[in-house]
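Work through the following exercises with the model open beside you, and try each task before reading its solution.

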Amino acid sequence: THREMNSLAHKGALLLRVGQVLQKQLQGGKPFGSRVLSSLRPRSVVTMTAAVDANGQTPKPIECRAWVAYEAKKPLTMETVIVDPPQKGEVRVKIAYTALCHTDAYTLSGQDPEGLFPSILGHEAAGVVESVGEGVTSVQPGDHVIPCYQAYCQHCKMCDSKKTNLCASVRNWTGKGVMKADSQSRFTVKRTGEKIFHFMGTSTFTEYTVVHEVSCAKIRKDADLESASLLGCGVSTGLGAVWNTAKVEEGATAAVFGLGTVGLACVEGLVHAKAAKIIGVDMDPGKFEAGKKWGCTDLVNPKDHPDKAIQDVIVEMTDGGVDYSFECIGNVEVMRSALECCHKGWGESIIIGVAGSGQVIQTRPFQLVTGRVWKGTAFGGFKSRVDVPMLVDKFVNKEIKLKDYITHQMTFEQLNEAFDLLHAGKCLRAVLKAN
């Protein structure tokens, strides 16, 4: 059994350590004593766990349904895929719910420089661990988890720096659509035998996926998985941009550009930070009702000011500009407006939206010379495996919203419909029930 295998491995490692210590003592001519015994304590022994599924057996390939993106700008295709067993340092997850994010649409549009086809998209989800690969210790079959595109290994140069939430442990492989253990994909289309790339290290538009252990956040089992799925990207990003990246203080003024899920999460974060003035900016007045509900004190439509730049409008509204601004769209012109609506001397603008390949941001250098700061953020600065469980706790304790962001509950078969709703601007989050 799995337990017996681990016990044997532990005993074998301990005996090996005994031999090493005795040999060292004999060579040095030193007597045996308490120090030797102390050095043999079990806590100093590292064991390697074996691959195992929920039944205590060695994991086998699984057949399931998945949505495959064969090429840019085309609808996804439902396929039966073979999902290989997890290898060393990997976890196979049964997806319960998966949500649709603008980043999925961005990659499908062909604008993503790292976009690979054919692939299985999706990066906002929650599910249950089905099996684990060799060496996995932080989760086990049956655990509830959120796959996170932002890994957290705790040991690489980036994690050790304490200055960023970016992790370098698996980035070279996830960016190429493969797994670190063997630089191969775990997905194969049954019908053709074609290998399918992974996406962002998560690939959640499937009933089963394989992720790296360092990208798997274990959460409490009493949390609603449908709601918790949103913490895989959008809501976490908006909250974290306010709390971690900007570190907004009580009484601050802020402008949020784009009132989609990420923008509203920024608004929610600002409300929690007790910002005095929260200006929501969007060209779709249909989003203003949600903006008010989430906590905007003011709402501005740039179309209502055809003869004036939106940054000038906001500067006039705030006696010189806001303390903080957040760009949640991915439009380089809006990024400039967001910076230039900040107060000189101390204003900070946080870029959250992802622009198309090859696009650049620009402003007059004097904007920065006079004290404004341009920053970017990924996953809101949260360290996934540590902070996502904390956010789930906040949700369960009713400290943050999640359910309110879900405007459409759909079946797994309706994914292409969900993309249509997203493009039409008719939903915040469409969540699909996978299993």
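**Exercise 1: the surroundings of an acidic residue**

In this predicted model, find which residues Asp 104 touches, leaving out those up to four places away in sequence, and decide whether Asp 104 has a salt bridge.

Solution. Start with the contacts: Asp 104 touches Ala 99, Leu 121, Gly 122, His 123, Phe 199, Phe 205 and Phe 419. Next, locate the residue along the chain, where Asp 104 belongs to helix α3, residues 102-108. Finally, look for a partner of opposite charge: the nearest such side chain is that of Arg 429, 7.3 Å away, whereas a salt bridge requires the atoms to be within 4 Å. Asp 104 is therefore buried without a salt bridge.

**Exercise 2: a pair of rings**

Classify the arrangement of the rings of Phe 205 and Phe 419, and state where in the chain the two residues lie.

Solution. The model has 3 aromatic pairs. In the pair formed by Phe 205 and Phe 419, the ring centres are 6.4 Å apart and the planes stand at 85 degrees, so the arrangement is edge-to-face. Phe 205 lies in the loop between β8 and β9, while Phe 419 lies in helix α14, so the pair ties together parts that are 214 residues apart in sequence. Both Phe 205 and Phe 419 are buried.

**Exercise 3: cysteines without a bond**

Explain why Cys 266 is not bonded to Cys 328.

Solution. A disulfide needs two cysteine sulfur atoms within 2.5 Å. The closest cysteine sulfur to that of Cys 266 belongs to Cys 328 and is 3.9 Å away, which is too far for a bond. The structure holds 0 disulfides.

Technical notes:
Residues are numbered from 1 along each chain as its sequence is written. This is a predicted model: local features need pLDDT of at least 70, side-chain atom pairs count only at pLDDT 80 or more; totals for chains, interfaces and linings use all residues. Side-chain values use heavy atoms; hydrogens and water are left out. Buried means under 20% relative accessible area, exposed over 50%, partly exposed in between (1.4 Å probe, protein chains only). Lys and Arg count as positive and Asp and Glu as negative; His and the chain ends are not counted. Contact means heavy atoms within 4.5 Å. Rings of Phe, Tyr and Trp (its six-membered ring) pair if their centres lie within 6.5 Å; planes under 30 degrees apart count as stacked, over 60 as edge-to-face and the rest as tilted. Helices (H or I, at least four residues) and strands (E, at least two) are DSSP runs, numbered from the N terminus.
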